[in-house]
Amino acid sequence: MKKLLRNERYMHRLSLLCVSRASSFNAAAKLLILSLLLCTSCGSSDTHTQENSIIGKWKLQQEYSNEGRDTPLKEFPLSQCDKETTLEVLDTGIFVEKNYYEDSSIGGECGKDSQDTRGGWKKSSPNTYLFTYDKSNPLLLRRSVVNVVRGDLIVNVTYNDRDLGPNTKVKFIYAKVQ
């Protein structure tokens, strides 16, 4: 936010400088230059805000996991069916994830989990959000941190796994659905 305010102040100072140096132009030329500079300033602020918004529908692209006890994350290969998984983040503070998987009981066809993963979210800091999952979720969740990085939604989850131990981590990368 501070960066945006600095950019707007810079653009305002620049527009004043341009207007003062344009004394040889007529009044219409001054107005045109000022309008263009102000429109450019507003446009960049709006774009920046939209890029960091988690609101919308996202599609799973990549998944990483570890073996517990703070081991490094390794990419978990996803099938085309896995990549049908979506995460919808609503402006009401709720999220809904629809999970898809290859179902061996129906000949390896793509199946959808009968129950969606649901929960709430809140903003923690300017670019960080926290997800809380419904109590029906069987994970012993410790933390779920969400960020938008270069247009991708990154969900980092830390939980206790009875087989893998404490500090088991998964990382999901989602791309925005247009």
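Let's start with how the chain folds back on itself: among contacts between residues at least 6 apart in sequence, 41% join residues at least 24 apart. Keep in mind that what you are looking at is a predicted model. Across the chain the pLDDT averages 74, and 67% of the residues score at least 70. One stretch deserves some caution: over residues 1-49 the pLDDT stays under 50. For that stretch the model has 18 contacts beyond four places in sequence.

Now for the overall layout. The chain holds two helices and 11 strands. If you walk along the sequence, you meet them in the pattern α-α-β-β-β-β-β-β-β-β-β-β-β. The chain has 178 residues, and 31% of them are buried.

A handy place to begin a closer look is the disulfide. How many disulfides does a search of the whole structure find? It finds one. The partners are cysteine 81 and cysteine 110, with their sulfur atoms 2.0 Å apart. This link joins distant parts of the chain, as the two cysteines are 29 residues apart. Cysteine 81 sits in the loop between strand E2 (74-76) and strand E3 (86-89), while cysteine 110 belongs to strand E6 (residues 109-112). The torsion about the S-S bond is about 85°, so this disulfide is right-handed.

The two ends of that bridge have their own surroundings. Cysteine 81 has a relative accessibility of 7%, and because buried means under 20%, cysteine 81 counts as buried. Cysteine 110, with a relative accessible area of 40%, is partly exposed.

Stay in the loop between E2 and E3 for a moment, since threonine 85 is found there too. Is threonine 85 buried or exposed? At 3% relative accessibility, threonine 85 counts as buried. A polar atom of its side chain lies 2.9 Å from the backbone oxygen of aspartate 82. Leaving aside neighbours within four places in sequence, threonine 85 is in contact with Trp58, Lys59, Leu60, Glu97, Lys98, Asn99 and Tyr100. You can also trace a line from threonine 85 to lysine 112: the two are 27 residues apart in sequence, and their C-alpha atoms are 8.6 Å apart in space.

Next, the aromatic rings. Searching the whole structure turns up four aromatic pairs. One of them is made by phenylalanine 95 and phenylalanine 131, whose ring centres are 4.2 Å apart and whose planes are at 15°, so the pair is stacked. Phenylalanine 95 comes from strand E4 (residues 94-98) and phenylalanine 131 from strand E8 (residues 128-133), so the pair ties together parts that are 36 residues apart in sequence. Both of these phenylalanines, 95 and 131, are buried. What does the aromatic cluster that includes Phe95 and Phe131 look like? Phe95, Phe131 and Tyr133 form one cluster.

Another aromatic pair brings together phenylalanine 172 and tyrosine 174. Here the rings are tilted, at 6.5 Å centre to centre with 45° between the planes. Phenylalanine 172 counts as buried at 18% relative accessibility, and tyrosine 174 counts as buried at 1%. In lysine 171, you can find a charge meeting a ring: the charged end of lysine 171 sits over the ring of tyrosine 64, 5.6 Å from its centre.

Finish the tour at alanine 175, which lies in strand E11 (residues 165-176). Alanine 175 counts as partly exposed, with 21% relative accessibility. Which residues does alanine 175 touch, not counting residues up to four places away in sequence? They are Lys57, Trp58, Lys59, Gln61 and Asp152. Tryptophan 58 makes a nice example of how the chain returns to itself: alanine 175 and tryptophan 58 are 117 residues apart in sequence, and 5.3 Å apart in space from C-alpha to C-alpha. Trp58 and Lys59 may ring a bell, as both were also among the contacts of threonine 85.

How values were computed: Residues are numbered from 1 along each chain as its sequence is written. This is a predicted model: local features need pLDDT of at least 70, side-chain atom pairs count only at pLDDT 80 or more; totals for chains, interfaces and linings use all residues. Side-chain values use heavy atoms; hydrogens and water are left out. A disulfide is a pair of cysteine sulfur atoms within 2.5 Å. Helices (H or I, at least four residues) and strands (E, at least two) are DSSP runs, numbered from the N terminus. Buried means under 20% relative accessible area, exposed over 50%, partly exposed in between (1.4 Å probe, protein chains only). Contact means heavy atoms within 4.5 Å. A polar contact is a pair of N or O atoms within 3.5 Å; within protein, one must be able to donate a hydrogen and the other to accept it, and residues adjacent in sequence count only if both atoms are side-chain atoms. Rings of Phe, Tyr and Trp (its six-membered ring) pair if their centres lie within 6.5 Å; planes under 30 degrees apart count as stacked, over 60 as edge-to-face and the rest as tilted. A charge sits over a ring if NZ of Lys or CZ of Arg is within 6 Å of the ring centre and within 35 degrees of the ring normal. pLDDT is the predictor's confidence in each residue, from 0 to 100.
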